[in-house]
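I opened my notebook for a walk through this model, beginning with charged pairs and moving on to helix packing. Here is what I looked up, in the order I looked.

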Amino acid sequence: AYERRFPTCPLIPMFVASDTVNEYKSEDEAIHVIERRCKLDIDAPRLLKKIAGVDYVYFVQKNSLNRRERTLHIEAYNETFSNRVIINEHCSYTVHPDNEDWTCFEQSASLDIKSFFGFESTVEKIAMKQYTSNIKKGKEIIEYYLKQLEEEGITFVPRWTPPVACKSESSTSHPRRPVSPAINIPESATKEGLSNKEILNTSSSPSEPTTGTPDDKLDADYIKRYLGDLTPMQESCLIRLRQWLQETHKGKIPKDEHILRFLRARDFNIDKAREILCQSLTWRKQHQVDYILDTWNPPQVLQDYYAGGWHHHDKDGRPLYVLRLGQMDTKGLVRALGEEALLRYVLSINEEGLRRCEENTKVFGRPISSWTCLVDLEGLNMRHLWRPGVKALLRIIEVVEANYPETLGRLLILRAPRVFPVLWTLVSPFIDDNTRKKFLIYAGNDYQGPGGLLDYIDKEIIPDFLGGECMCEVPEGGLVPKSLYRTAEELENEDIKLWTETIYQSASVFKGAPHEVLIQIVDASSVITWDFDVCKGDIVFNIFHSKRAPQPPKKDSLGAHSITSPGGNNVQLIDKVWQLGRDYSMVESPLICKEGESVQGSHVTRWPGFYILQWKFHSMPACATTNLPRVDDVLASLQVSSHKCKVMYYTEVIGSEDFRGSMTSLESSHSGFSQLSAATTSSSQSHSSSMISR
């Protein structure tokens, strides 16, 4: 059936022609290898073809059929522009190990674009589009030719048997291949790795459809119900990123919907998505964003004068948020509350949006992962362009863009006045291109005409202030009384308080300057617990004990190493004249922690005295057989700028009898990102890098 797609296939329009370059058949006809040069008409912009100087792209494809092993292996690579773009693809048809009547199909590919006349991004998108399209049609094409064979009366092909006169070839001339060989494509050598697995039932008897396990394949019903349409490539990216999170975050991973938002925000580039997702998870943990809806009550000023609120849903089922920005006194709110309180309020709105998306997904029976925002600008004037207010707005946009990607489904901007272009010029550079495409802007009463509000929102829920019949409970805003204004000093203190309102502390670790925390133990049976994330670089975690107290903490005196953000510090306690084994001792084996890892553990103290928790810069060891550093070591050292690492930690001391029941000390083991995480295992079941002294 597969061979019938040559020399050309009507189901693949881009496959124009193919010529046989080499062909080999073994004497017993068990082995048949054929190599073809395939001519493809890629669906690319005419300008790009003109710049490249080609109309067609040529690939070399090698098909190796082994009737003895019952396998077909297909290898393909590009001949055109091979010095600029490297494409490798491998497919295999094999017999299913558990059912000889089933055929397994596996496919993997790699794409590495070195340079392409400045159109690297365009070429990547074209390649992804073509490849994804081919994956979708792969099963359809093979079934088309299977049906064609059936119509011709061919429903069974006898298995190959060695000719009687021919001795079976020795294993040395034809080494036996595994049933389903693994093709290993190094991450560093690929810009995108793709995989697709499928089982085709070629048996004439009916059988139950097979589904992969959650670890290697997502259930089709689950995807349709909660995630939406995903290509095999996108599904593969989601699984790979989730597995990486499970390995590094020790079971504390966000839900698939949230991981998917970050992948979509970076066009399913795993490395880029992983970077921003890890930064966001650390940010959420540090500022306790997961608990903001339950623990933070907005000041009364916000409840009275912030002209925004949730209002039903749009025609697509997305939660609808209404913001009457033109009626809001942004200057008064900033003067009365400060930047941090406004930011926190916007974060609570976004957290409520995530919650409403989950509720609407259940109500409408389809995935809803974003919301619609309706912004009414009637009343917008130069007062809204007050510089501190614009600065606060830009910071809010920056934080929301970084931590809530792909949550805005549509933004409807109504009654934009003449001053709006000025505000847009200031704000638009900070908004992601993908987000900007979702903006619809209406001047005057244009929103009432064709293509206006009725295309997106049901008539029954259009707010009354926009000419609708639905009463909208969003506050009307208005000027904030100057009696509520606070001094710059009061606002500054309030901002710091909000910023540091977290149980976690940040610390910087430098080469030659570890960060150390002192814990005094009076009761020898106490338990020291810790929970820390390695935000940047690799570190070594140590625990020491000393009978005498070290000198008062001294901040790192290196000017270049000073920390400007609140909570970030570098403290060294162990005096340089102290000797290990004489003045202090190591009570736990050193633990090497890699960037991105989340570590929880505990130590049962044997003696009273002073315990020092130390996070130390990890230097890669040189190769044992030579004094020269290894290539991996050099590359690793280049990745740590200025030999600086960063950790975020929390420690607590509790009595051993209370250790098992202390939810505070163990909360990070199974709550970390509670609002975003699916059900996870407790710390005792996870494979965390924890140390327990017995």
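**Entry 1: a salt bridge between a loop and a strand.** I started with Arg-159 and Glu-100, whose side chains form a salt bridge with an N to O distance of 3.2 Å. I am working from a predicted model here, so I take these positions as predictions. Arg-159 sits in the loop between α2 (120-151) and β7 (192-201), while Glu-100 belongs to strand β6 (residues 99-113). The two are 59 residues apart, and the pair links distant parts of the chain. I then checked how covered the arginine is: Arg-159 has 47% relative accessibility, so I noted it as partly exposed.

**Entry 2: a salt bridge between two helices.** Next I turned to Asp-256 and Arg-242, which form a salt bridge with their closest N and O atoms 3.1 Å apart. Asp-256 is in helix α5 (residues 256-265) and Arg-242 is in helix α4 (residues 232-248), with their positions 14 residues apart in the chain. Are these two partners buried or exposed? Asp-256 has 7% relative accessibility, which is under the 20% limit, so it counts as buried. Arg-242, at 10%, is buried as well.

**Entry 3: a salt bridge to α10.** I moved along to Lys-255, which meets Glu-358 in a salt bridge of 3.0 Å, N to O. Lys-255 lies in the loop between α4 and α5, and Glu-358 lies in helix α10 (residues 339-364). This pair spans 103 residues of sequence. Lys-255 is partly exposed at 22% relative accessibility, and Glu-358 is partly exposed at 31%.

**Entry 4: a network and a total.** I also looked for salt bridges with shared partners, and found that they join Asp-314, Asp-316, Arg-318 and Arg-410 into one network. My search of the whole structure came to 24 salt bridges.

**Entry 5: the surroundings of α5.** Back to the helix that holds Asp-256. How many residues of α5 are buried? I found eight of ten, so I wrote this helix down as mostly covered. Among the buried ones are His-258, Arg-261, Phe-262 and Ala-265. I then asked what the buried residues of α5 pack against. Their neighbours are α3 (220-227), α4, α6 (270-286), α10, α11 (387-403) and α13 (433-436). After α5 comes Asp-267, which has a positive phi, near 50 degrees.

**Entry 6: how α4 and α5 cross.** I took the angle between the two helices next. α4 and α5 pack at about 115 degrees, and their axes are 10 Å apart. I therefore recorded α4 and α5 as roughly perpendicular to each other. Their crossing is right-handed. From α4, the contact uses Cys-237, Leu-238, Leu-241, Arg-242 and Leu-245. From α5, it uses Asp-256, Ile-259, Leu-260 and Leu-263. By type, the contact of α4 with α5 has seven nonpolar residues, no polar ones and two charged. Both salt-bridge partners from my second entry, Asp-256 and Arg-242, are in that contact.

**Entry 7: a last look at α2.** I closed with Asn-134, which is found in helix α2. Its relative accessible area is 36%, so Asn-134 is partly exposed. Asn-134 and Ile-12 are 122 residues apart in sequence, yet their C-alpha atoms are 8.2 Å apart in space.

How values were computed: Residues numbered from 1 in each chain as written. Predicted model: local features only at pLDDT ≥ 70, side-chain atom pairs only at ≥ 80, totals over all residues. Heavy atoms only, no water. Salt bridge = Lys/Arg side-chain N within 4 Å of Asp/Glu carboxyl O. Helix = DSSP H or I, 4+ residues; strand = E, 2+ residues; numbered from the N terminus. Buried < 20%, exposed > 50% of the residue type's maximum accessible area, 1.4 Å probe, protein only. Contact = heavy atoms within 4.5 Å. Axes fitted to C-alpha atoms, helices over the stretch in contact; angles between N-to-C directions. Parallel < 35°, antiparallel > 145°, perpendicular 65-115°, else oblique. Left-handed = near helix turned anticlockwise from the far one by under 90°. Nonpolar A, V, L, I, M, F, W, Y, C, P; charged D, E, K, R; others polar.
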